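Me: Please take me through this model one question at a time, and explain the terms as they come up.

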Amino acid sequence: MKRAIITGATGAIGTALLKEFIACGTEVLVLTRKDSARNGVIPVHPLIQVAYCGLEELCSLQNDTGRQYDAFYHFAWAGTFGDSRNDMILQTQNIRYALDALNAAARFGCKVFVGAGSQAEYGRVEGVLKPLTPAFPENGYGMAKLCAGQMTREAARKLGVRHIWARVLSVYGPNDGANSMISSTIRKMKAGETAQFTKGEQLWDYLYSGDAAQAFRLLGERGKDGKVYVLGSGNAIPLREYIMQIRNAIDPTLPIGLGMLPYAEKQVMHLCADIGELTEDTGWKPKVKFEDGIKNILNDYITDNR
């Protein structure tokens with residue numbers, strides 16, 4: 001891949017994908033809001049070009065670069081946490097933005113559009129999540145992700161653009177959102193607080209951002225047109241075991257507030273990806289163990305707080 005475009009490049013997956021592309025010698029055009037507080041995490045590198053463009057501006061974005069791009073990666077999404085996940089008007093706008101991103105991809109000459117879906121598209125499922133597992137989302141965020149994937153797939157077919165949709169389970173790593181379970185747990189434990197949790201019985205599938213980035217790169221290169229892929233590590237363990245590994249990496253003597261919080265309404269209790277088709281089509285397999293990924297985050301944390 002010679003050139004790629006990325007929206008939402010300042011999150012855990014986006015920043016990891018930028019590093020992945022730099023290592024591969026791929027030129028990248030980053031589309032980001034001018035007022036984003038996270039623009040500082042975008043690497044300054046000869047292969048990285050930044051263009052200021054919010055989601056609402058994608059519809060009018062024109063290719064004035066004089067270059068043709070190969071792939072468009074759409075990660076940007078408004079309303080990913082808290083009550084905003086059920087803001088139906090906002091989530092409906094995200095569907096339009098995804099279609100705008102696809103049309104922008106066509107204007108830039110991209111041959112493939114890779115969209116970031118979510119496990120929320122499935123709703124609550126007991127067992128391993130496969131590409132063809134029936135999807136019954138239970139919140140506006142999941143409903144909009146499902147619709148965006150379906151609509152962009154059909155629109156891409158008409159545009160002659162290859163379409164890939166990756167339903168992401170739980171990705172962690174440097175530059176993750178401050179409100180994620182792992183980020184908030186690390187912040188509280190580093191401050192000496194007793195972090196509070198549910199009983200932690202949920203079976204969860206965490207994937208390191210560097211592994212996720214390699215998967216996305218390979219999907220752009222080798223993913224099959226029109227397919228849905230499930231992106232995770234392929235292994236699930238109780239959430240409390242992840243929490244204990246984080247605690248042990250910071251300070252094994254810290255108390256853990258397991259069982260201090262009730263389970264949320266409609267709590268998802270089982271997340272595990274079937275990565276068989278992803279591996280078969282791209283050759284990708286996860287490499288980073290959870291404890292090693294946490295060490296990487298802590299190393300960045302120490303560097304950022306010196």
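## The sheet

Me: In what order do the seven strands of the open sheet stand?
Reply: Seven strands form an open sheet, and their pairing is parallel. Strands (E, at least two residues) and helices (H or I, at least four residues) are DSSP runs, numbered from the N terminus; two strands pair if DSSP finds at least two bridges between them. The order is E3-E2-E1-E4-E5-E6-E10.

Me: Which strands stand at the edges?
Reply: A strand at the edge has a single partner strand, so one side of it is left without a neighbour in the sheet. The strands in that position are E3 and strand E10 (227-231).

Me: What is the average twist from one strand to the next?
Reply: Angles run from 0 to 180 degrees between N-to-C directions, with axes taken as lines fitted to C-alpha atoms, for helices over the stretch in contact. From one strand to the next, the twist averages 20°.

Me: How are residues numbered, which values leave out hydrogens, and what kind of model is this?
Reply: Residues are numbered from 1 along each chain as its sequence is written, and side-chain values use heavy atoms, with hydrogens and water left out. Local features need pLDDT of at least 70, side-chain atom pairs count only at pLDDT 80 or more, and totals for chains, interfaces and linings use all residues, as the model is predicted.

Me: Which residue of E2 is the bridge partner of Ile-5?
Reply: Strand E1 (residues 3-7) runs parallel to E2, with five bridges between them. E2 is largely enclosed by the rest of the structure, because five of its six residues are buried (under 20% relative accessible area with a 1.4 Å probe, protein chains only; exposed is over 50%, and partly exposed is in between). In E2, the partner of Ile-5 is Leu-29.

Me: Which residue of E3 stands opposite Leu-29?
Reply: E2 and E3 run parallel and are joined by five bridges. Across from Leu-29, in E3, is Gln-49.

Me: Which strands does helix H2 touch?
Reply: Helix H2 (residues 88-107) packs on the sheet, and its direction makes about 165° with that of E4. Touching, or contact, means heavy atoms within 4.5 Å. The strands touched are strand E4 (71-74) and strand E5 (112-118).

Me: Which residue of E5 is the bridge partner of Tyr-73?
Reply: E4 pairs with E5 in the parallel sense over four bridges. E5 is mostly covered, with seven of its seven residues buried. Phe-113, Gly-115 and Gly-117 point one way from E5, and Val-112, Val-114, Ala-116 and Ser-118 point the other way. The partner of Tyr-73 is Val-114.

## Two helices

Me: At what angle do H1 and H5 pack?
Reply: Two packed helices are described by the angle between their axes and the distance between the axes. The axes of helix H1 (residues 12-24) and helix H5 (residues 209-222) are 8 Å apart, and the angle is about 65°.

Me: What is the handedness of the crossing of H1 and H5?
Reply: A crossing is left-handed if the near helix is turned anticlockwise from the far one by less than a right angle, and right-handed if clockwise. The way H1 passes H5 is right-handed.

## Loops

Me: Is Asn-39 buried or exposed?
Reply: Asn-39 lies in the loop between strand E2 (27-32) and strand E3 (48-52). Its side chain joins that of Thr-32 in a polar contact of 2.7 Å (a pair of N or O atoms within 3.5 Å; within protein, one must be able to donate a hydrogen and the other to accept it, and residues adjacent in sequence count only if both atoms are side-chain atoms). Because its relative accessibility is 17%, Asn-39 counts as buried.

Me: Is Gly-40 buried or exposed?
Reply: Gly-40 is also found in the loop between E2 and E3. Its relative accessibility is 72%, so Gly-40 counts as exposed.

Me: What is the phi of Asn-175?
Reply: Most residues other than glycine have a negative phi, and most peptide bonds are trans. Asn-175 sits in the loop between strand E7 (170-172) and H4, and it is partly exposed, with a relative accessible area of 27%. Its phi is positive, near 70°.

Me: What is the phi of Lys-266?
Reply: Lys-266 is in the loop between helix H6 (239-250) and helix H7 (276-282). At 44% relative accessibility, Lys-266 is partly exposed. Its phi is also positive, near 60°.
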